[in-house]
Amino acid sequence: MLRLPAFALERPRTLRAALELLAENGQSAMVVAGGTDLLPNLKHELFDPKLLVSLAEIDELRGLCASAEGGLEIGAMTPLADVATSELARTRAPALAQACGLVAGPQLRTMGTLGGNVLLDTRCQWYNQTYFWRSALGFCLKKDGSACHVVAGGKKCVAAASNDSAPALMSLGAVLHFESASGAREVAIDEFFTGDGIQNKKIAPGEILTCVRIPPMPAGHRGAYGKLRDRGSIDFPLLGVAVRLDCSSKDVVENADLVLTALAAQPKRVKRASETLAGTKLGTPAFDEAAEKVAELAYQQCRPLANIPGDANWRHEMVPVWVRRTLAAAATEPNVTT
Amino acid sequence: MAARDNHGTSPPWGRSFGVLGQPHRKLDGLAKATGSAVYADDLALPGMLHAKTLRSPHAHARIESIDASKALALEGVHAVITGRDLPERYGVIPWTQDETALAVDRVRFIGDPVAAVAAIDEDTANRALKLIEVRYQKLTAWFDPASSLAAQTDRIHPDTKGPGNLSKHVHLCFGDVDGELAGAAHTIEGEYEFHGTTHAPIEPHCAVAAVDAAGLLTVWSSTQITHYVHRALAKVLHLEAHKIRVVQPCLGGAFGGKSDPFSLEFCVAKLAMLTARPVKMLYTREEVFYAHRGRHPMQMRYRTGVDKDGKLRAVDAKILIDGGSYSSFGLVTTYYAGQLLTGPYHFPTYRFDSTRVFTNKPPCGPKRGHGSVQPRFAFEIQLDELAGRLELDPIEIRRRNFQGDFTRTVNGQRVTSNGFLKCLDEVERLSRWKERRGKLGFGRGLGVAGSMYISGTNYPVYPNDMPQAGIQIKLDRSGLATVFTGGNDIGQGSNSMCAYIVAEELGLDLSAVRVVAADTDLCPVDLGAYSSRVTFMVGNATIDACRKLRGQIVQALAEKWQVAKERIRLIAGQALDLEDAARAISIAEAFQIAEARFDTLGSTGSYNTPTLGGDYRGGTIGAAPAYSFTAHIVEVDVDVETGQLTCENVWIAHDCGRALNPMIVAGQMEGSVYMGLAEALLEEHTLNRFGLHAGPNLLDYKLPTSVDTPELYARIVESIDPEGPYGAKEAGEGPLHPALPALSNAVFDAVGVRLRRLPFTPARVLSELRAAGVDAKRHAQAGLPARAEKGAR
Amino acid sequence: MAALNLTINGDRLETAAPDHWTLLEVLRYRLGLTGSKQGCDKGDCGACTVLLDGQPVLACLTLAGLAQGRAVTTIEGLMPAHAREGKSGADPVQDAFDRCGALQCGFCQPGMILSARALLNANAHPTRAQIRAALAGNLCRCTGYTQIVEAVEYAVAVAAGVEPAPRAWETPRARLTDIEEQGTRRPSGQARP
């Protein structure tokens with residue numbers, strides 16, 4: 001069996017205790033939430049922490065509830081399965097609920113957490129492999145090596161953001177709440193990801209993501225998440241499309257947002273999507289034409305790389321198709337926002 | 001001699017069965033369902049060490065030196081071995097033994113085993129691996145089979161004759177192929193490609209070895225051929241075979257992938273001998289991909305000529321086979337690629353030229369439908385193309401060319417029972433082919449394909465005149481029968497099959513039959529679970545052994561009761577006098593009466609094939625005592641925007657002779673189709689540009705899940721073969737073949753595009769659709785019915 | 001080496017393992033509960049599925065230390081739990097898998113059966129689509145899933161006290177005329193000398 005490298009495990013009961021452990025142990029400690037991403041990566045010797053600090057027993061980090069202002073507050077340790085099946089999430093943040101319901105397979109959604117998915121390590125076919133495999137390759141830019149095998153001569157890692165929740169949360173304008181031994185901070189998820197595939201998240205050592213806040217959506221909010229993958233289960237996205245449509249009471253689009261993932265190190269917002277779709281009425285040829293234009297915009301703005309498995313040109317071809325289909329799904333599903 | 005006897009398709013007591021033909025549970029079903037069944041990695045012996053393998057990071061290199069001193073010095077490490085410790089060559093085929101347990105001087109693919117460490121636990125063994133220093137001198141690595149065939153330097157096996165990196169070449173011609181092609185009303189030529197796939201059983205390979213104080217070596221291994229492992233261990237370890245015991249525990253899937261002897265079996269044995277402690281080695285999933293022996297990539301060119309009625313006149317094939325780094329079963333593969341195509345259709349003339357080439361890749365070998373899935377893919381598409389040319393229904397062209405039963409093929413194979421026409425009828429009816437084909441609208445289609453496959457082969461891998469299957473049965477005074485079989489139950493249910501036959505023949509309840517299997521100390525030799533031979537051969541041997549015992553029991557009762565033997569029936573745990581119900585006794589009493597009459601009750605049974613095959617070199621390879629036949633109809637939905645194919649339904653009709661247990665037969669049929677579709681749609685065993693396996697794990701190598709698998713409708717056709725056990729033939733491999741070409745043919749029905757290269761990844765399908773001018777938007781805008789558009793192409 | 005206090009199949013057990021051992025390693029190699037299988041090393045196949053507080057999870061990606069304080073159910077626990085309820089035989093899901101031919105090599109089935117058990121505990125009357133979805137994290141290489149899905153439906157029917165639906169293969173078989181009835185056809189192979 002592929003074994004984990006040796007490390008010590010701590011299971012603090014409180015957030016404070018967890019933060020203290022991180023502060024004491026510095027860079028040699030890592031946080032583990034559901035473990036569904038970290039443990040395979042540890043088995044692949046991609047990290048070598050001396051200490052794992054598990055958040056599993058911190059009750060205050062788990063749970064999904066309506067926020068005072070009418071949005072959502074989701075504890076970082078809330079299982080993905082709970083987000084996917086929560087009536088509150090399905091009505092107030094349909095794109096997020098759908099995205100969480102499409103992560104991996106049933107067991108991993110039970111184990112994996114929303115916070116863990118937001119903080120998922122970037123993925124690449126030259127990186128997510130065993131130590132032996134990577135050593136035979138001569139390693140890569142992201143870990144233990146100096147060459148990029150995706151972009152010849154590339155000096156910047158282009159491993160792909162592969163978390164289904166992130167584009168959905170970006171479309172929803174979510175805010176991430178972090179705590180550390182020295183205090184708390186909030187950051188809009190739009191500001192959180194970077195284009196560096198080695199570390200695509202602006203998270204400081206010692207910080208713990210505790211909560212994801214989603215602002216209230218307007219009454220005519222619609223959302224959908226479309227996921228391209230080889231199989232109907234288990235797989236990471238080959239392309240993820242989060243759609244937001246805020247409509248008037250007459251189903252006219254007032255504001256829209258599209259965020260794509262599994263392209264490069266950070267999810268990508270389609271520019272000019274809102275202005276293109278605004279003013280069109282769902283279910284009319286005008287909307288379909290606008291959707292077609294947005295699909296074309298997305299195609300022009302995206303350049304999938306051969307970072308994750310799957311033909312990069314084909315993934316590029318799929319961008320407009322999945323943009324159109326996900327827009328259609330958002331437009332045709334019953335408006336569930338209350 | 002009895003071994004060669006046929007037992008007839010009906011038992012001596014008449015035509016009715018009490019056990020056979022029913023969906024009985026399997027002997028080991030509940031043990032598996034409750035987690036109590038013991039697989040190789042479930043074994044733990046006192047003081048057991050754990051072993052790991054150091055593997056080559058180079059695709060082709062000379063080993064200049066290995067320094068294991070630092071590894072040996074690590075606390076907890078008990079032994080390190082290298083190729084020098086096990087230099088003896090082995091290989092399943094006696095004439096092509098080119099493997100060693102660990103590389104001797106040369107590594108031939110990334111992942112080739114180089115050294116092995118035994119330590120107190122896996123973590124320590126893994127640490128030790130990183131301390132072994134190996135110096136390599138890199139050689140040119142050959143990845144492309146055509147270039148490899150032309151290699152002049154850095155040959156992969158320098159002691160082979162060549163040319164280049166040739167592994168095996170077979171050229172056979174039957175009849176005047178060129179003349180028939182010249183005179184054909186229509187000829188069609190095409191190139192087809194199979195990409196390479198692997199078995200991926202969910203259980204990784206595992207072996208455990210222990211040497212007792214008297215020097216007996218026992219190896220428990222997840223093998224599907226205990227006997228070959230036994231022979232290979234004796235050869236490589238230089239031990240007398242009687243000092244080695246090989247046991248196959250419960251096996252977690254094989255599909256041909258556990259047919260070869262593997263490095264780990266020799267390593268645990270050697271390490272156990274060196275350390276005097278039990279040693280276990282469990283492959284990681286990545287290592288299973290390197291052990292491989294999967295289906296060979298093939299580049300195939302077929303030329304077929306037909307007369308004006310669509311009857312075949314000539315088939316001409318040229319096949320280039322990418323063998324990977326070792327021979328494995330490759331000699332047989334090279335023959336099978338040609339020899340197994342001559343049914344269910346009549347080939348008046350036939351020529352094939354197949355060339356297997358070594359490359360610096362994990363070695364290919366036998367996978368479910370060994371050697372014949374790839375040619376079948378090509379030929380069944382070509383038949384569809386011919387049907388299109390002649391404007392014939394694709395089922396009709398197959399009917400017209402049906403070879404018939406009790407016939408002989410152009411390459412000298414004897415065909416007995418043949419239910420192929422019935423298979424076609426059944427899938428045609430169940431799929432409502434006539435009403436639906438070509439009428440499902442653009443993007444949705446139906447496709448058909450047929451196939452045949454061997455039920456065992458008369459080629460016993462190493463030449464000998466001994467039986468291919470042996471059985472022993474011991475009867476107990478309690479009314480218990482214990483069956484000893486060398487056959488390997490790999491999940492297909494062969495142990496249960498033995499028990500059903502014994503229960504049927506001796507009138508026992510299934511709970512009164514035990515099966516002891518795949519243990520070389522306890523069981524007579526069987527050649528193992530490959531070539532779909534077990535039901536046919538072990539089944540016949542079991543009948544052979546049962547008939548002897550049944551004869552004794554019936555005779556003893558007839559004498560005691562003073563009645564004719566024909567009046568005695570053994571059934572459902574009782575011995576009956578059919579004309580005097582009051583005489584009924586329990587089967588235990590019957591056994592006791594027989595034991596009193598004949599002394600201790602036990603018997604042996606054997607099976608060997610009759611002399612079969614054509615009278616030419618290689619003529620026996622692919623010659624089977626019976627053949628199974630299959631027809632599939634696949635229903636597909638083509639997403640013309642994405643290239644994604646969704647297989648919606650598959651109707652499978654399979655002629656298995658007689659279904660000894662229809663539920664198990666259906667399970668084999670369904671599993672075969674699943675695997676065939678997976679190979680067509682998702683799976684790709686391939687190397688990247690560095691010669692590394694592109695994704696040696698079950699996330700990148702994609703096995704379909706329950707939501708990716710269509711509804712499968714298994715329809716059993718029973719042709720009752722004259723030589724099979726009660727008429728039975730195989731069901732485990734044949735039903736895989738048609739899935740791939742039927743899918744391609746369905747895509748043609750759906751969108752009018754021929755897919756000739758596997759796998760049908762969405763990217764490839766989309767590019768083929770575009771190349772053929774299929775454009776979703778244009779199609780929708782034109783508002784034309786799909787068939788009109790298709791007709792225009 | 002850390003002490004572990006685990007509750008497995010209702011038993012409170014004390015054992016010890018290094019912190020980096022997974023629940024699967026502790027079950028298999030410390031406690032001898034080898035029914036949970038290891039297939040892929042890292043969460044891709046589902047063979048190691050166990051129930052944690054009733055929910056299916058992968059034991060190969062669960063650190064043993066984090067299973068403390070939670071109820072672990074392994075495949076070995078189902079039949080004794082059934083017996084504790086005063087019932088005989090295996091758990092009805094296990095029995096249905098055996099009854100329906102869903103166990104070929106059997107290696108994926110402990111995990112598969114636990115996923116099915118958890119589904120039926122939550123939903124006594126799942127649709128076929130719901131069954132397929134609930135089992136979509138458990139790879140089977142033998143069956144093509146048909147007989148597995150049929151087994152779950154069989155267990156549903158048995159629990160509901162209704163007649164199970166015929167399975168896909170249970171249509172009358174197509175039988176050609178028995179050759180011995182024709183009497184003329186002989187195998188054409190020669191007997192070996």
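Contact here means heavy atoms within 4.5 Å of each other, and the exercises below apply that cut-off to a predicted model.

**Exercise 1. Describe the interface of chain B with chain C, and then the interface of chain C with chain A.**

Solution. Begin with the residues in contact: 88 residues of chain B meet 67 residues of chain C. Next take the buried area, which for chain B and chain C is about 6400 Å², with 51% of it on carbon and sulfur atoms. Then turn to charge pairs, where a side-chain nitrogen of Lys or Arg has to lie within 4 Å of a carboxyl oxygen of Asp or Glu; by that rule there are 8 salt bridges between chain B and chain C. C:Arg141 and B:Glu683 form a salt bridge in which the closest N and O atoms are 2.6 Å apart.

For the other interface, follow the same order. Chain C contributes 32 residues to the contact and chain A contributes 27 residues, while the area buried between them is about 2500 Å², of which 64% comes from carbon and sulfur atoms. Of the area that chain C buries against chain A, 25% is supplied by C:His20, C:Leu61 and C:Leu66, more than by any other three residues. The rule finds 1 salt bridge across the interface of chain C and chain A, and C:Glu25 forms a salt bridge with A:Arg3 whose closest N and O atoms are 2.9 Å apart.

**Exercise 2. Work out how α3(C) and α6(C) are placed relative to each other, and which residues make the contact.**

Solution. Helix α3 (residues 92-99) and helix α6 (residues 146-160) of chain C have axes that come within 8 Å and cross at roughly 130°. α3(C) and α6(C) are therefore oblique to each other, and α3(C) passes α6(C) in a right-handed crossing. On the α3(C) side the contact uses C:Pro92, C:Val93, C:Ala96, C:Phe97 and C:Arg99, which meet C:Ile148, C:Ala151, C:Val152, C:Tyr154 and C:Ala155 of α6(C). Sorted by class, this contact has 9 nonpolar, no polar and 1 charged residues.

**Exercise 3. Treat α17(B) and α18(B) in the same manner.**

Solution. Helix α17 (residues 662-681) and helix α18 (residues 739-751) of chain B pack at an angle of about 55°, and their axes are 8 Å apart. This angle makes α17(B) and α18(B) oblique to each other as well, and the crossing is right-handed. From α17(B) the contact draws on B:Val673, B:Gly676, B:Leu677, B:Glu679, B:Ala680 and B:Leu681, and from α18(B) on B:Ala739, B:Leu740 and B:Leu743. By class there are 7 nonpolar, 1 polar and 1 charged residues in this contact.

**Exercise 4. Which parts of chain A does the salt bridge of A:Arg11 with A:Glu57 tie together?**

Solution. The structure holds 91 salt bridges over all chains. In this one, the closest N and O atoms of A:Arg11 and A:Glu57 are 2.8 Å apart. Because A:Arg11 lies in the loop between β1 (8-10) and α1 (15-25) and A:Glu57 in the loop between β3 (51-54) and β4 (64-66) of chain A, the pair ties together parts that are 46 residues apart in sequence.

**Exercise 5. Place the backbone features at B:Pro163, B:Pro344 and B:Ala276 in chain B.**

Solution. As background, most residues other than glycine have a negative phi, and most peptide bonds are trans. A cis peptide bond, with omega about 5°, joins B:Gly162 and B:Pro163, and B:Pro163 sits in the loop between α4 (145-149) and β7 (166-174). The bond from B:Gly343 to B:Pro344 is also cis, with omega near -5°, and B:Pro344 belongs to the loop between α9 (330-339) and β15 (350-358). Finally, B:Ala276 has a positive phi, near 55°, and is found in the loop between α7 (263-275) and β12 (279-282).

Key: Residues are numbered from 1 along each chain as its sequence is written. Chains are lettered from A and ligands numbered from 1 in the order in which they are written. This is a predicted model: local features need pLDDT of at least 70, side-chain atom pairs count only at pLDDT 80 or more; totals for chains, interfaces and linings use all residues. Side-chain values use heavy atoms; hydrogens and water are left out. Axes are lines fitted to C-alpha atoms, for helices over the stretch in contact, and angles run from 0 to 180 degrees between N-to-C directions. Helices (H or I, at least four residues) and strands (E, at least two) are DSSP runs, numbered from the N terminus. Angles under 35 degrees count as roughly parallel, over 145 as roughly antiparallel, 65 to 115 as roughly perpendicular and the rest as oblique. A crossing is left-handed if the near helix is turned anticlockwise from the far one by less than a right angle, and right-handed if clockwise. Ala, Val, Leu, Ile, Met, Phe, Trp, Tyr, Cys and Pro count as nonpolar, Asp, Glu, Lys and Arg as charged, and the others, Gly among them, as polar. Buried area is the accessible area (1.4 Å probe) that two parts lose on being put together, summed over both.
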